[in-house]
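Colleague: I should be grateful for a close look at one part of this model, with enough of its surroundings to place it. Please take the sheet as the subject.

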Amino acid sequence: MKPRASSFSSKPSDVSEGLGVLTRITRMTLAYPWQVGLAVAGTVAAVMMQLSIPLLLGRAVDQAQQVITGGTQGQAAEQALWATAGMLLFVSVARGIFTMVQNYYAESVGHHVAYKIRLMCYEKIQHLSFSFHGRVHSGDLITVGLLDVEGVRMFFSTGLIRVVLLTLLIGIGAFMLLSTDLVLGLLALSFVPFVGWRSAVSRLQLRAAWLRLQEWLAVLTQVMDENLSGIRVVRAFAAQAFELAKFDRASKVTLGLQHERVDIRVRNTSVMTFSFFIAMGLVLVVGGYQVKTGQTSVGTLTSFLTFMTILQMPVRQIGMMVNSFARASTCGYRLFQLLDIEPDIRDADDAKSLDVKEGVLRFDNVDFAYPNAPDRPVLKKVSFTARRGQTIGIVGPPGSGKSTIASLLPRFYDVTGGAITIDGQDVRHVTLESLRSAVGVVQQDSFLFTTTIENNIAYGDPWASDQRIERAAESAQLHNYVLGLPQDYNTVVGERGVSLSGGQRQRLSIARVLMLRPPILVFDDSTAAIDAGTEQRIRSAMHRMAGDSIMIVIAHRLSSLMHADEILFLEDGEIVERGTHEALLAKGGRYHALYELQVRPGDEMLNETEEGKDGNAS
Ligand SMILES: Nc1ncnc2c1ncn2[C@@H]1O[C@H](COP(=O)(O)OP(=O)(O)OP(=O)(O)O)[C@@H](O)[C@H]1O
């Protein structure tokens, strides 16, 4: 098993593109100017306080020495020592407070940027077309929307702010040390380039290992997800051992990669610590000699050593900073790929709200091919007209293009030839919102949300009254079943509706659409799991409730559509026969053959109600 390649490219093509991404993130952080200002001001103040600590400590050591050696100046030295101690205390507290301000506002900026990007991603996903979702794996979208946002979030606090901190700390600190004593200063700073370089290299190695680990973690998630959603298939085929082996293989690879990461970290930490202590040793030897020969004081040597200790941690964190830049540029690159997509199905500039008066739906020589297979026509010159109150039935072999017709009506895809009009208005020239609220589609796959029955029915109108919800449930022959449940309409349907039967799920989906009473209703094989008797009752109730809506019924079972005003027999994307049930039977063509197949040996089967087949009809 190999990790699946992501649908998003994760590497900017060149340095300037990477820099462009970082500039764009930086611009986003500048949308919070006063938080950014406070974070930077906190950093500058904290660095100043931190730099004064070695100086004060050095001075305190010299003063303590004067107190010990006593003499006439002993008394004054003791007072000065107390003053220095007081200043040290003040500086330490102030440094703590400024660091707090720095961390708080740097994190706050990161979280605000992440919040904004997360919303932008989610909003973009709501508007992306179905052709995009056909191309891009949902796992990739989740990775971008969650993990990549995290990479961008950290950029300000662990990247940009650290640049300010390190520049000030090393710049001012180096100036202070070198101007005090050139040789000692050079020795004290000697560990900085090596440790900084090692830290950056090891972080980039860790990052490469992490990216590989992330790919395998995605495999683990996918295996687990498929195992859980397909749990019935796994158990039915007694495939637990096979599934376990699959999981174990991916798990072993992640274990190896985790080891690799620990290895890189441990090796580099030791090297960095070692080189720091070598530099400290050199300062001690040379500084100690200078103290002995009276060239420098013990206090100055203490200042050098303290400064080195203070500088050690930020220098070690150079790697973190480099990593933050690298991570933000790849994560941001992926995020911006998503955010910059222009949805191919969107409102035209001059789109108007759909105005349904007469209620005439027309498919006019419609051609269609899916965007990912443009050379394979799925619909060819499909034409039909449906008027208010009429029902159009669509039947045909699997793959003949029936569901595609249902997808074109609410503009999940755009036709590639011809036009679909409602009262003369081309669906491409009206707003998507008005179109989709006029076209209710009950899909083949009746997806339910993990919430109550009431919320599922009222999904299209969360403020609907209880009465309306119940009326829709009654029409869908679901009301009596719901009343029999312990918490009736407040019963939670389980993940994706697992606690309901296939027929119950379909009836709930029908109720969800009926509640909105759209002028055009499409049933895409949405009664396949409902017995013919219940279906007949749903149809009658629907006619009462939806009244003069246009209904398009797609079905394999002829009893679902034989009552239609016109039946279209679709084959290979073309209408090969059309007419009423009686006319098509009289024609003796494909429809007749299908009818013969379904009703043989007699017509009784079509009229048979199979009442109570799924036991829950209301
Ligand atoms: N998203 C898609 N991308 C590419 N091709 C697709 C896509 N969806 C469907 N197709 C193809 O389009 C053709 C028509 O599919 P459609 O789902 O409309 O058939 P159908 O008549 O509704 O089939 P069924 O009765 O099995 O539901 C099929 O060949 C199918 O493979």
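How many bridges join β4 to β5, and do these strands run parallel or antiparallel?

Modeller: The model is a predicted one. In it, β4 and β5 are joined by 2 bridges and run antiparallel. One residue pair illustrates the arrangement: Thr 421 stands opposite Asp 426 of β5. The two strands form a hairpin with 2 residues between them, and in this hairpin Asp 423 adopts a positive phi near 50 degrees.

This hairpin belongs to an open sheet of 4 strands, whose order is β2-β1-β4-β5 and whose pairing is antiparallel. The edges of the sheet are formed by β2, residues 379-387, and β5, residues 425-426, each of which pairs on one side only. Moving inward from β5, one comes to β4, which covers residues 417-422 and is joined to β1 by 5 bridges, again in antiparallel fashion. Within that pairing, Leu 361 has Ile 422 of β4 as its bridge partner. Strand β1, residues 360-368, is in turn joined to β2 by 6 bridges, and these two strands also run antiparallel. Here Arg 362 has Thr 385 of β2 as its bridge partner. As a general point on such strands, side chains in a regular strand alternate between the two faces of the sheet.

The ligand may be considered next. It is surrounded by 14 residues, the closest of which are Tyr 370, Pro 398, Lys 402, Ser 403 and Thr 404. Helix α12, residues 402-408, supplies the largest share of this shell, namely 3 residues. By character, the shell comprises 8 polar, 4 nonpolar and 2 charged residues.

The chain as a whole provides the wider setting. It contains 21 helices and 10 strands. Its radius of gyration is 36 Å, well over the 25 Å that the globule rule gives for 618 residues, so the chain is more spread out than a compact globule. Along the principal axes, the C-alpha atoms fill a box of roughly 125 × 55 × 55 Å. Buried residues account for 34% of the 618 residues. Among contacts between residues at least 6 apart in sequence, 80% join residues at least 24 apart.

The largest nonpolar core has 69 residues, of which Ile 457, Ala 511, Val 522 and Ile 552 touch the most other members. Leaving aside residues up to four places away in sequence, Ala 511 touches Ile 457, Ala 472, Ala 473, Ala 476 and Leu 478. A second, separate core of 50 residues includes Val 21, Met 28, Val 113 and Val 283.

Val 113, a member of that second core, lies in helix α3, residues 74-127. Val 113 counts as buried because 22 other C-beta atoms lie within 10 Å, the threshold being 20 or more. With residues up to four places away in sequence again left out, Val 113 touches Met 28, Thr 29, Val 152, Arg 153 and Phe 156. Val 113 and Val 149, although 36 residues apart in sequence, are 8.8 Å apart in space, C-alpha to C-alpha.

Helix α6, residues 182-189, also has buried positions: Leu 184, Gly 185, Leu 187, Ala 188 and Leu 189. The buried residues of α6 pack against four helices: α5 (138-180), α7 (191-229), α9 (240-292) and α10 (298-316).

Methods:
Residues are numbered from 1 along each chain as its sequence is written. This is a predicted model: local features need pLDDT of at least 70, side-chain atom pairs count only at pLDDT 80 or more; totals for chains, interfaces and linings use all residues. Two strands pair if DSSP finds at least two bridges between them. A residue is near a molecule or strand if its C-beta atom, placed from the backbone, lies within 6 Å of it. Ala, Val, Leu, Ile, Met, Phe, Trp, Tyr, Cys and Pro count as nonpolar, Asp, Glu, Lys and Arg as charged, and the others, Gly among them, as polar. The radius of gyration is taken over C-alpha atoms; the globule rule is 2.2 Å times the number of residues to the power 0.38. A residue is buried if 20 or more other C-beta atoms lie within 10 Å of its own, exposed if 12 or fewer, and partly exposed in between; C-beta atoms are placed from the backbone. Two residues are in contact if their C-beta atoms, placed from the backbone, lie within 7 Å. A nonpolar core is a set of buried Ala, Val, Leu, Ile, Met, Phe, Trp, Tyr and Cys residues joined through C-beta atoms within 7 Å.
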